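This report describes the interior packing, two helices and several individual residues of one protein chain. The sequence and coordinates are shown first, and the discussion follows.

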Amino acid sequence: FGAMPLSWTMDKIGPMCRSAEDCGHVLAVIAGKDENDPGTAGKSFYFSPQYQRPLNQLRIGFAAESFGEWSQEAMRPVFEAALGVLRGLGSKFVPVQMAPDLPYGSAVSTVIGAEGSSVFEELIESGRVDELADAAQVAGLRAALEIPARDYLRAMRVRRLVQTEFRRVFMDCDLLIAPSRTAVANKVSERLDGAPPPAPAAAAGAPVNGIQAIIGAGNLAGLPALSLPCGFAGGMPVGLQLVGRPFSENLLLSVGMQFQKATDFHRQRPKLG
């Protein structure tokens with residue numbers, strides 16, 4: 001409530017802060033039941049860093065290929081060093097794999113497209129959508145308004161399968177770690193709607209472990225996530241993301257705080273020029 005909606009069942013509001021600890025303080029204020037928003041859970045969030053679990057008590061699930069052949073080459077040493085920090089703090093890494101045959105991406109695009117076009121139905125039907133500067137976005141909104149109900153319902157059934165798959169994965173680990181993104185960040189001078197960077201050659205045509213689709217899959221399953229700065233590639237920032245079980249925000253923040261106590265990436269800034 002109070003934010004522009006896009007997808008009622010997938011929107012997640014979260015703070016952007018200078019540190020994981022600051023995220024905890026802000027989240028404690030904005031989280032909780034809101035009578036104006038029927039999508040909120042009837043649970044409060046209490047930031048409790050005093051009860052941190054030491055990293056040597058945690059099992060962190062990861063897919064090695066996410067940080068290797070699935071990421072651009074310039075980012076790989078950055079990821080290796082960041083994972084080395086967590087290992088040095090006692091973290092135990094366990095390999096995990098999510099079902100590669102689930103259509104994570106198409107389910108996400110169907111749900112967001114159907115719900116987003118419903119949110120903006122009046123704008124689309126009135127023709128005022130043509131006032132938007134982005135022609136591709138206009139075309140996408142119009143097309144999404146025609147998504148059949150059967151496709152939306154099929155995507156919601158896939159969503160349940162994704163939630164079940166995450167429950168299976170979390171039987172072997174306490175949280176998951178993956179790149180925040182596997183391509184070097186865009187420069188401020190580059191268009192955000194340009195062609196995506198080519199996938200690394202080793203990843204082309206390879207089956208997608210669900211960990212590679214962790215952002216979309218995590219949204220489908222309603223899981224909390226925390227992105228942490230972990231270094232630079234070509235002068236541009238690189239990030240790690242932690243993903244946990246529902247309502248495990250304190251655990252993710254705890255790991256983030258311990259990582260940031262051992263590093264200073266969150267205090268660094270990209271060099272201009």
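In this predicted model, the largest nonpolar core has 32 residues, and those with the most contacts inside it are Ile177, Cys230, Leu240, Leu242 and Val255. Two or more residues of this core come from each of the elements α1 (20–30), β1 (59–62), α3 (76–88), β3 (175–179), β4 (225–233), β5 (236–244) and α9 (249–262), and the largest share, six residues, is given by α9. In soluble globular proteins, nonpolar side chains tend to be buried together. Leucine 240 illustrates the packing: leaving aside residues up to four places away in sequence, leucine 240 touches Phe67, Phe79, Ala82, Ile177, Ala178, Ser180, Leu226, Ser227, Leu228, Cys230 and Phe259. A second core, separate from the one just described, has 27 residues and includes Met10, Met98, Ala107 and Val111.

The two helices tabulated here can be compared with the span expected at 1.5 Å a residue.

| Helix | Number of residues | First to last C-alpha | Expected span |
|---|---|---|---|
| α3 | 13 residues | 18 Å | 18 Å |
| α4 | 16 residues | 22 Å | 22 Å |

Which residues of α3 are buried? They are Val78, Phe79, Ala82, Leu83 and Leu86, and, seen down the axis of α3, these buried residues fall within an arc of 125°, so they line one face of the helix. An α-helix has 3.6 residues a turn, so residues three or four places apart point the same way. The face of α3 turned away from the buried side carries the exposed residues Pro77, Glu80 and Gly88. On the inner side, the buried residues of α3 pack against α2 (64–67), β2 (92–95), β3, β4, β5 and α9. After α3 comes glycine 90, whose phi is positive, near 105°.

The buried residues of α4 (residues 104–119) are Tyr104, Ala107, Val108, Thr110, Val111, Gly113, Ala114, Glu115, Gly116 and Ser117, a list in which polar side chains such as those of Thr110, Glu115 and Ser117 appear beside nonpolar ones. Among the elements that cover these buried residues of α4 are α5 (121–125), α6 (135–144), α7 (149–169) and α8 (214–221). Serine 117 belongs to α4 and counts as buried, with a relative accessibility of 3%. What lies 3.0 Å from a polar atom of the side chain of serine 117? The backbone oxygen of glycine 113 is at that distance, and the backbone oxygen of alanine 114 also lies 3.0 Å from a polar atom of this side chain. Not counting residues up to four places away in sequence, serine 117 touches Ile112, Ile124, Leu141, Ala144 and Leu145.

Threonine 263, in the segment after α9, also has a polar side chain with a backbone partner: the backbone oxygen of phenylalanine 259 lies 2.9 Å from a polar atom of the threonine 263 side chain. Threonine 263 counts as buried, at 12% relative accessibility.

The cysteines form zero disulfides in this structure. For cysteine 17, the nearest cysteine sulfur is that of cysteine 23, at 3.9 Å, and cysteine 17 is in no disulfide; its relative accessible area of 32% makes cysteine 17 partly exposed. Cysteine 230 is likewise in no disulfide, and the nearest cysteine sulfur, again that of cysteine 23, is 15 Å away. Is cysteine 230 buried or exposed? Cysteine 230 is buried, with a relative accessible area of 2%, and cysteine 230 is also one of the residues with the most contacts inside the largest nonpolar core.

Two loop residues complete the account. Phenylalanine 247 lies in the loop between β5 and α9, where its phi is near 65°, a positive value in a residue other than glycine; at 52% relative accessibility, phenylalanine 247 counts as exposed. Aspartate 193 is found in the loop between β3 and α8 and counts as partly exposed, at 46% relative accessibility. The C-alpha atom of aspartate 193 is separated by 9.3 Å from that of alanine 136, although the two residues are 57 residues apart along the chain.

Technical notes:
Residues numbered from 1 in each chain as written. Predicted model: local features only at pLDDT ≥ 70, side-chain atom pairs only at ≥ 80, totals over all residues. Heavy atoms only, no water. Core = buried A, V, L, I, M, F, W, Y, C linked by side-chain atoms within 4.5 Å. Buried < 20%, exposed > 50% of the residue type's maximum accessible area, 1.4 Å probe, protein only. Helix = DSSP H or I, 4+ residues; strand = E, 2+ residues; numbered from the N terminus. Contact = heavy atoms within 4.5 Å. Expected span 1.5 Å × (residues − 1). Arc of directions from axis to C-beta. Polar contact = N/O pair within 3.5 Å; in protein donor to acceptor, adjacent residues only side chain to side chain. Disulfide = S-S within 2.5 Å.
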